[in-house]
Every structure is written in structure tokens, then in C-alpha cells.
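Hi everyone, thanks for coming along. I'd like to walk you through one structure today, so please have a look at it while I talk.

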Amino acid sequence: MTGRRACFITGLLTALLGLVLQLSIVQLRYGGNWTALFCTGSAFPVPPALSGEHIYVFQHSTGYDGQMYHYVAHDPLLKTGILLYMDNPRVRYRRILLPATAFLLGLGQSARIDSAYVAANLLFLFLGAWWLSQYFDSLRLPAGWAAGLVVTPAALISLDRLTVDLAFTALCIGFALYVHLGQNAKACVALALGCMARETGFMLAGAACLALAMERRFAKGAAFAAAALPAAAWWLYVNAKTPDYSNEAFQQLIPFKGLWETFLHPLAYPFSAPVNTALGLLDRIGLLAFVLGGVFSIWLVRRKGLGPLEMAMVLWTLVGLCLPRFFWEDSFSGSRVFTPLLIYVMLRGFPVAGGKALAPLLFAIPRILLQVAGPLAVELWTRAGAAR
């Protein structure tokens, strides 16, 4: 099997694994109702325009981010009043890429948007694994290792709750691959799409420009800067159409404070003491994944210099160190947002540190895997017991 064919098959198999996981979640936990993956909470009324979808609503819950991106996918250009049913429409609409992709795949027809959204998410899983397998192949590592992308935090959480983080992570991998191969035009496209996927994409663009400016490669830096212009124009459009619901907690950023407080006093769960102790331990290990990723980033800068990927790792680390407690105490938040950091550490660190470069990513996986797969295991056990 040629390397190119192996990479393509790896991408397909990874997407298939993601689909199997989603099928298991929907069938075992939600009675076949795929809209449960949007995690719509009763705290936010369902828009009347979507009442015919029979959306699965979690009672006494604020839901999760996917419900908001679901609404964006039904009205990507802000033509209706659907934003009135969202928590922070300005932030949600800035992350337009995945909802817009769903809208396009569904040909703009409301009845097709939900299934198109799931397909769009799986498409980015395919692309991420395909690009990652090519990167591994360039390092003369087995392309099949890229299938492990499906158990990374961004992938698991996006498959379970349809957030935008898998799309962004996939594009970060694509950008890394094309920078690594010196294919600048493709790198610019991946970067432009990454900025449309999540605001952390602007940090990736800024990192690339800073690194190239330090090398006095101004023309290439200007090209990467230009890649962020479509997203910047979109932000201006969104700002003109949406109210500002700025979160004041993000305006009070104190280095290490949020991480340290969460490490000392992790989130308390409504379970027995032994279970809470185990979950608290896994939460702390998840925090250490980010810290270890930051330490590796600094080490890699000293070993390899400040290239575009190294600069991105440094910027993401600096921002993460300043984020408040409420961001870190949710085990899903930090791990999915900073999955690109952990993957970059792996990609850039493996040639010089070997398997040690996998440590930050491996530290982040257990807590998320438990959260996603644990309820499935309990449901299977319960059904097996009932059958006996």
C-alpha cells in the first residue's frame, strides 16, 4: 500500500470510527434521537422556527455549546431572529466555519441541516486524520497512528457534543503539515479557514507572522497575515449584527491563578467520596497535560528555535496560563480548546524527544474518554444484566 493511499484510508477509517461512536451514543443513550448530540438545555427556549425538529432537550440544564452552533447553522447570515435564543451570539457567529459548512452541505434546506452538521463534523475528522497521517508518513512513522486522533479531547468532545473544536484542530493539523512540507499556498488556505473556525486561529496567524518577521521573511509573513483577512471581515459583519455580551471574567486575567485554584480545589461532583476522589485526580492530570505541554513548548523553542508552530505553542500557552478558574474547572473546556497545542508538541517534539512528546496528549485523554465512554459502558452493562 502506497503512503498516499494509506493516508487516505486512515482518514476514512478514522471518520468511520467517529460515526460508530456517535451511533453508539445516540442509540444507547438517547433512543435514536440524533438531535441529542447538540446538547440543548431547557434553560434556553428552542426557537419556534425549529419546533418541528423535535429537538432532544436536557431538562434543568443550560446545555452545551453545540446547541448554539446548531442555531447558527440554520441561519448563518443572521437573516432571522434566531440569535435571540442564544447565550452569546457574537461569539458563536464568529466561529462560523462548521455551521456554514453544514448549511452548504444541506443546500440551505432546514430539514437537512442537522444531518449535514453531523456529516460536516465527520468531514473535518477525516481531514484531520488524513493530514495527520501525511505528517506521520513524512516522519517515516506509520500513517495508521493518525487514527488515534479520534480519542483526542477535541475529537471526542466534538463527536459527543458537536462543538467546533474538531474542525479547528483539523485545520491546525493541516496548517502544520503544509508548513512542514513548504507548501505555502495550502498553508494559507488552512490558516484562513482556521481563523473562521475559532478565534484562536488568529493567534496561529499572529504566531506565524511573528516567527517569519523574526527571520526577516516579510513576504511570506504578509501572505499569512492576509489569510486572516476574510475572518476579520466576517467579524466586522457579525459585530454590526449582534449585541456585545462580553464576559467580564475574561477581562481579569491573572497568570496561573485559574489553573492553581482549580488544581487545589477541582470541581466537586454529586457522587460518592471515592468516585469524587478519582474524578478529581483525573481532572488534575488533565490540568497537568496543559502545563506539561507548555513546558515542552519552551524546551522545543530552545532546541529548534521560534518557527511558526513553536511560536503558536508559546502564545497558546501564555493565554492558557491566564485563563480564569471557571474555564479550567470544566474538564471539557481546556482539553478541547488546547488540543492543537498538545498535537503540535507531539509533532514537533517526536523527532527530538521520541515517545516522551506524546505525554501531554496522553495525560489529557483519560478524563475525556471516561466522560464520553463511561455512560456507554454503564448502559451496556445494565442492558446485559436485564437480559440475564
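Let me start with a question: which residues in the largest nonpolar core touch the most other members? Please keep in mind that we are looking at a predicted model. The residues to look for are Tyr93, Phe175, Phe224, Trp316, Phe338 and Tyr344, and the core they belong to has 118 residues. If you want to know which element gives this core its largest share, go to helix α5, residues 110-138, which supplies 14 residues.

Let's stay with one of those names for a moment. Leaving aside residues up to four places away in sequence, Tyr93 touches Tyr71, Val72, Asp75, Pro76, Leu78, Ile82, Leu83, Met86, Trp234 and Val238. So that you can find them on your screens, try picking out Trp234 and Val238, which are among the contacts of Tyr93.

Now let's step back to the whole chain. How many helices and strands does the protein chain have? There are 18 helices and two strands. For 388 residues, a compact globule would be expected to have a radius of gyration near 21 Å, and the protein chain has 21 Å, so the two agree. If you drew a box around the C-alpha atoms along the principal axes, that box would be roughly 60 × 50 × 50 Å.

What about the inside and the outside? Of the 388 residues in the protein chain, 51% are buried. The exposed area of the protein chain is about 17200 Å², with 67% of it supplied by carbon and sulfur atoms. Looking at contacts in the protein chain with a separation of 6 or more, 71% are between residues 24 or more positions apart. As for charge, the protein chain carries 29 positive and 18 negative side chains, and the centres of these two sets are 10 Å apart.

Next, a helix I'd like you to find: α6. Why do we say that helix α6, residues 153-161, is largely enclosed by the rest of the structure? Because nine of its nine residues are buried. In α6 the buried residues are Pro153, Ala154, Ala155, Leu156, Ile157, Ser158, Leu159, Asp160 and Arg161. Notice that Asp160 and Arg161 are part of that buried list. Just after α6 comes Leu162, which has a positive phi of about 55°.

That brings us to two other residues with a positive phi. His60 has a phi near 55°, a positive value in a residue other than glycine. Where is His60 found? His60 sits in the loop between β2 (57-58) and α2 (66-74). With a relative accessible area of 81%, His60 is exposed. Leu107 is not a glycine either, and its phi is positive too, at about 55°. You'll find Leu107 in the loop between α4 (97-105) and α5. Leu107 is exposed as well, with a relative accessible area of 60%.

Let's turn to Ala231, in helix α11, which covers residues 229-241. Is Ala231 buried or exposed? Its relative accessibility is 0%, so Ala231 counts as buried. Not counting residues up to four places away in sequence, Ala231 touches Cys195, Met196 and Phe202.

For comparison, here are two residues that are partly exposed. Leu16 lies in helix α1, residues 3-30, and its relative accessible area is 46%. Glu261 belongs to helix α12, residues 257-264, and at 28% relative accessibility Glu261 counts as partly exposed.

I'll finish with some distances, so you get a feel for the scale, going from C-alpha to C-alpha. Ala231 and Phe290 are 59 residues apart in sequence and 27 Å apart in space. Between Glu261 and Ala231 there are 35 Å, with a sequence separation of 30 residues. Leu16 and Pro243 are 227 residues apart along the chain, and their C-alpha atoms are separated by 39 Å. Finally, the C-alpha atoms of His60 and Ser138 are 49 Å apart, for 78 residues along the chain.

That's my tour, and I'm happy to take questions!

Terms used: Residues numbered from 1 in each chain as written. Predicted model: local features only at pLDDT ≥ 70, side-chain atom pairs only at ≥ 80, totals over all residues. Heavy atoms only, no water. Helix = DSSP H or I, 4+ residues; strand = E, 2+ residues; numbered from the N terminus. Rg over C-alpha atoms; globule rule 2.2 N^0.38 Å. Buried < 20%, exposed > 50% of the residue type's maximum accessible area, 1.4 Å probe, protein only. Contact = heavy atoms within 4.5 Å. Areas by Shrake-Rupley, 256 points an atom, 1.4 Å probe, with all protein chains shown as cover. Lys, Arg positive; Asp, Glu negative; His and termini not counted. Charge placed at Lys NZ, Arg CZ, Asp CG, Glu CD. Core = buried A, V, L, I, M, F, W, Y, C linked by side-chain atoms within 4.5 Å.
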